[in-house]
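Please open the model in your viewer and keep the selection tool at hand. The tour moves from one selection to the next and says what is there at each stop.

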Amino acid sequence: IFHLKVPESSPIGSAIGRIRAVDPDSGQNAEIEYNIVPGDGGNLFDIVTDEDTQEGVIKLKKPLDFETKKAYTFKVEASNLHLDHRFHSAGPFKDTATVKISVLDVDEPPVFSKPLYTMEVFEDTPVGTIIGAVTAQDLDVGSSAV
């Protein structure tokens, strides 16, 4: 099991963690291909192989939101990139591991209720007169006053 902690502010496309499978073979037979098994994290995360280290690099495909979901668990499969057909009957040539990602909360700014507010006021309105109101809210857990 691999445990990763990722801030919700991580940019899309960024590498958020690395995992490693070990293949005792050498050369081409030691090259590993990683895939996320369809499930909980399949649409939010991607994994690619670092050709130099043969590690699986987990990347973010969509934004994270701590207030919506605090954790993800999914399986990753590591398999031989090049299968030698002479040993096909001895397979399977793959293994799986579980990845648990905890989303870390980041203090986010308040958000206005509407993108645009239109207000009309007469030119002779006395100074200090309330002519309208805008609203915003802090969507963070335990939100603070705006």
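Is R18 buried, exposed or partly exposed? Select R18 in this predicted model: with a relative accessible area of 43%, R18 is partly exposed.

Keep R18 on display and add D50, with which R18 forms a salt bridge whose closest N and O atoms are 3.0 Å apart. R18 lies in strand β2 (residues 15-20) and D50 in the loop between β4 (45-49) and β5 (55-60), so this pair ties together parts that are 32 residues apart in sequence. D50 is buried, its relative accessible area being 19%, which falls under the 20% cut-off for that class.

Next, add E55, which forms a salt bridge with R18 with the closest N and O atoms 2.8 Å apart. This pair links distant parts of the chain, as E55 is in strand β5 and R18 in strand β2, 37 residues apart.

Now move to E77 and K94, where a salt bridge has its closest N and O atoms 3.7 Å apart. Because E77 lies in strand β6 (residues 71-80) and K94 in strand β7 (residues 94-104), the pair ties together parts that are 17 residues apart in sequence. K94 counts as partly exposed, at 48% relative accessibility.

Show R18, D50 and E55 together once more, since salt bridges that share partners join these residues into one network. The structure holds three salt bridges.

For the last stop, select F112, M119, V121, I131 and V134, which make a nonpolar surface patch of about 450 Å². Within this selection, F112 is found in strand β8 (residues 111-112), and F112 is exposed, with a relative accessible area of 54%.

Terms used
Residues numbered from 1 in each chain as written. Predicted model: local features only at pLDDT ≥ 70, side-chain atom pairs only at ≥ 80, totals over all residues. Heavy atoms only, no water. Patch = residues over 30% accessible without salt bridge, like charges linked within 9 Å, V, L, I, M, F, W, Y side chains within 5 Å. Areas by Shrake-Rupley, 256 points an atom, 1.4 Å probe, with all protein chains shown as cover. Salt bridge = Lys/Arg side-chain N within 4 Å of Asp/Glu carboxyl O. Helix = DSSP H or I, 4+ residues; strand = E, 2+ residues; numbered from the N terminus. Buried < 20%, exposed > 50% of the residue type's maximum accessible area, 1.4 Å probe, protein only.
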